[in-house]
Amino acid sequence: MSEYHALLSPSGAAKWIACPNSLAAEDGQPDTGDAGARDLGTDKHELLALCLEFKQKAITYTGHVLKCGHTVNAAIAADVQVVVDGVDERVVAYQLSGATVCVELEQAVPISQITGEVGATGTADVVLIVTWPDGRGEICVIDAKFGYREVDPEMNPQLMMYALGAIEKFSQHTFQTASLMIAQPAISETFSEWQTTVEIGRAHV
C-alpha cells in the first residue's frame, strides 16, 4: 500500500470536517505556523518512539541529536518521560485485568476507507491491541501532544480516524471498544481519555 501524508489528514480533521472548503481556501497559501514548535514536537515524538521501542528512560538519551536538530536535555527528556510512563502504566493496567497487550509504535494506519483518498494513511503514535481471555478486544490509541493548547479526546476526529485506521490494519483481531487517549505533559501528567464503542466511532467520522 502506498503511504504518504494525506491531504485529508487526521491531524487536520477537525478543520476539514467542520469546513470542507478549508483545503481549497488554503491551497497555495504560505505556511504561517510556528516551525520551531513543530520541529521540537517532531523531535520529542522521535525520542518517545526510541524510549518505547528500546525500553529506555528518556534521560538516558541526553546529548543525543534528534532529526530536526534538537539535542536531548533535561527539559525535553522530562516531557517525553511523562508520556513513556503513562504508556507503560496503561499496558500494566490492561495486563493486571487479564488482557494480553501488543504495543505498536508510529503506525501508518489506512484512512482511505474514511476519506476516499486512495492510499492515504495517518500515523498513530501508540496503538495498543488489547485482548481478554473471553475474546473481548479493545483498540487503544495514545496520541502525544507537546503543545500548550489543551486537546480533548472526546469525539476527537483525529483520534477516531487513527482508531478506525488501526482497526482496519489489524483486522485479524475483533474489537468491541476503543479507548482514545491524549498525553499532554504541558497540561497534565495524567492522560485524558474517552472510551467508546467501535460502532459509535464509525458513526461519527
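Reader: Is Thr190 buried or exposed?

Author: In this predicted model, Thr190 is exposed, because its relative accessible area comes to 60% and a residue counts as exposed when that value is over 50%.

Reader: Okay, and where in the chain does Thr190 sit?

Author: Thr190 belongs to the loop between E4 and E5. Its C-alpha atom is separated by 8.3 Å from that of Val82, although the two residues are 108 apart along the chain.

Reader: You mention E4 and E5, so which helices and strands does the chain have, and in what pattern?

Author: The protein chain has seven helices and five strands, and reading along the sequence gives the pattern α-α-α-α-β-α-β-β-α-β-β-α.

Reader: What order do the strands take in the sheet?

Author: The five strands form an open sheet in the order E1-E2-E3-E4-E5, and their pairing is mixed. Strand E1, residues 100–110, and E5 stand at the edges with a single partner strand each, so one side of each has no neighbour in the sheet. From one strand to the next, the twist averages 25°.

Reader: Mixed pairing is new to me; which sense do E2 and E3 pair in?

Author: Strand E2, residues 121–131, and strand E3, residues 137–144, pair in the antiparallel sense over six bridges, and Thr131 stands opposite Gly137 in E3. On the other hand, E3 and E4 run parallel and are joined by seven bridges. Within that second pairing, the bridge partner of Cys140 is Ser179 in E4.

Reader: How many residues of E4 are buried?

Author: Six of the seven residues in E4 are buried, so the strand is mostly covered. For the protein chain as a whole, buried residues make up 45% of the 205 residues.

Reader: Which helix lies across the sheet strands E1, E2 and E3?

Author: That is helix H3, residues 35–54, which lies across E1, E2 and E3 and runs at about 150° to E1.

Reader: Switching topic, how many cavities of 30 Å³ or more are there?

Author: The structure holds one cavity of 30 Å³ or more, and about 50 Å³ of space lies in this largest cavity.

Reader: Which residues line the largest cavity?

Author: The lining consists of Met160, Ala163, Leu164, Ile167, Ala178, Leu180, Thr196, Thr197, Val198 and Gly201. At least two lining residues each come from helix H6 (157–169), strand E4 (177–183), strand E5 (192–197) and helix H7 (198–203). Among these elements, H6 gives the most, with four residues.

Reader: And what classes do those lining residues fall into?

Author: In the lining of the largest cavity, seven residues are nonpolar, three are polar and none is charged.

Reader: What about pockets, say the second largest one: how much space lies in it?

Author: About 210 Å³ of space lies in the second largest pocket. Its lining has 13 residues, and those nearest its centre are Leu52, Lys55, Val87, Asp88 and Val103. The elements that give two or more residues to this lining are H3, helix H4 (74–96) and E1, and H4 supplies the largest share, six residues.

Reader: How many charged residues does that pocket lining have?

Author: The lining of the second largest pocket has four charged residues, together with seven nonpolar and two polar ones.

Reader: One more topic, please: which sign does phi have for most residues other than glycine?

Author: Most residues other than glycine have a negative phi.

Reader: What phi does Glu106 have, then?

Author: Glu106 has a positive phi of about 45°, although it is not a glycine. Glu106 is found in strand E1, and with a relative accessibility of 37% this residue counts as partly exposed.

Reader: And what about Met155, what is its phi and where is it?

Author: Met155, which is not a glycine either, has a positive phi of about 55°. Its place is in the loop between E3 and H6, and at 32% relative accessibility Met155 counts as partly exposed, because that value lies between the 20% limit for buried and the 50% limit for exposed.

Reader: Last one: among contacts between residues at least 6 apart in sequence, what share joins residues at least 24 apart?

Author: Of those contacts in the protein chain, 63% join residues at least 24 apart.

Conventions. Residues numbered from 1 in each chain as written. Predicted model: local features only at pLDDT ≥ 70, side-chain atom pairs only at ≥ 80, totals over all residues. Heavy atoms only, no water. 1 Å grid on protein atoms, 1.4 Å probe; cavity = no way out; pocket = protein on both sides within 12 Å on 5 of 7 lines; lining within 4 Å. Points joined across faces, edges and corners; volume = space filled by probe spheres on them. Nonpolar A, V, L, I, M, F, W, Y, C, P; charged D, E, K, R; others polar. Pairing = 2+ DSSP bridges. Axes fitted to C-alpha atoms, helices over the stretch in contact; angles between N-to-C directions. Contact = heavy atoms within 4.5 Å. Buried < 20%, exposed > 50% of the residue type's maximum accessible area, 1.4 Å probe, protein only.
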